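Q: Got a minute to go through a model with me? I'd like to look at the cysteines, a pair of helices and a couple of single residues.

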Amino acid sequence: STVQQAITSKETAIEAGADIIKFQVYFADELFVKYHERYDHFHNQSFSQDDWDLIFSHFKSKDIKIACDIFGSKALEVAKKHNIKFLKIHSSDLQNDILLNEVDDYEPELLIISSGGARAPEISHALNLTGNCKERVLMHGFQSYPTEVRDSRLNRIFWLENNFGKIAHIGYQDHVDGDDAFAFHLPMMALSAGAKVIEKHITL
């Protein structure tokens, strides 16, 4: 089942030494209106509330930190139900004041803010609304699948550090093809550029 596949892929990440495993929690009705051409696709591939209960219960007894990408208020409620205190906001939600305020009220231990494609005013806005979060990380990364190495623009890490490094850590989310040698080298280069967090997308 897709639920078992999700569990297996995260088990593999743990075996590989990941410090945190991350799930994307979303519901189609928080992403699209029902007549959108992509609504059925996301509705069919998203997990139900019961699925999430099963997944998080599986990892509850393990000594591993869990983070959740949240794509709306309903997704946030799933994370809150399971007391998940590491959250991630997508760059498309940097001006979603309702969601940002709800996250701030929850006061997560770690808030990862995707900044791919975002301008300084949008990033500043999200940071201003999430001051109650104990620790924040701005994640650079061009999110095509897979990302061409030439599109990675690691110099943006320096820009983020210069502009926001006093109030947030800087990280890098890597989407390079796993068969490319740069799937290993590019994250190492990001660390050398000052990234403190590396997010690695994997497939089995």
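What follows is a chat about this predicted model.

Q: Cysteines to begin with. How many disulfides are there?
A: The count comes to zero disulfides. C68 is in no disulfide, and the nearest cysteine sulfur, that of C133, is 14 Å away.

Q: Why is there no bond for C133?
A: Because its closest cysteine sulfur, in C68, is 14 Å off, which is too far for a bond. The cut-off for calling a disulfide is 2.5 Å between the sulfurs.

Q: And C68, buried or exposed?
A: Buried, with a relative accessible area of 0%. C133 counts as buried too, at 6% relative accessibility.

Q: OK, helices now. How do helix 7 and helix 8 sit relative to each other?
A: Helix 7 covers residues 120-128 and helix 8 covers 155-164; their axes come within 12 Å and cross at roughly 50°. That angle makes helix 7 oblique to helix 8.

Q: Which hand is the crossing, left or right?
A: Helix 7 passes helix 8 in a right-handed crossing.

Q: Which residues meet there?
A: On the helix 7 side you have A120, I123, S124 and L127, and they meet R156, W159, L160 and F164 of helix 8. Sorted by class, this contact has six nonpolar residues, one polar and one charged.

Q: Switching topic: where does T147 lie?
A: T147 is in the loop between strand 5 (135-140) and helix 8.

Q: Is that residue buried or exposed?
A: T147 is buried, with a relative accessible area of 6%.

Q: What does T147 touch?
A: Leaving out residues up to four places away in sequence, T147 touches F142, S152, H175, V176 and D177.

Q: Last one, I70. Where does it lie?
A: I70 is in strand 2, which runs over residues 65-70. I70 is also buried, and its relative accessible area is 0%.

Q: What is I70 in contact with?
A: Not counting neighbours within four places in sequence, I70 is in contact with V25, A75, L76, A79, L87, K88, I89, D93, L99 and V103.

Q: And what separates I70 from I84?
A: Along the chain they are 14 residues apart, and their C-alpha atoms are separated by 11 Å.

Methods:
Residues numbered from 1 in each chain as written. Predicted model: local features only at pLDDT ≥ 70, side-chain atom pairs only at ≥ 80, totals over all residues. Heavy atoms only, no water. Buried < 20%, exposed > 50% of the residue type's maximum accessible area, 1.4 Å probe, protein only. Axes fitted to C-alpha atoms, helices over the stretch in contact; angles between N-to-C directions. Helix = DSSP H or I, 4+ residues; strand = E, 2+ residues; numbered from the N terminus. Parallel < 35°, antiparallel > 145°, perpendicular 65-115°, else oblique. Left-handed = near helix turned anticlockwise from the far one by under 90°. Contact = heavy atoms within 4.5 Å. Nonpolar A, V, L, I, M, F, W, Y, C, P; charged D, E, K, R; others polar.
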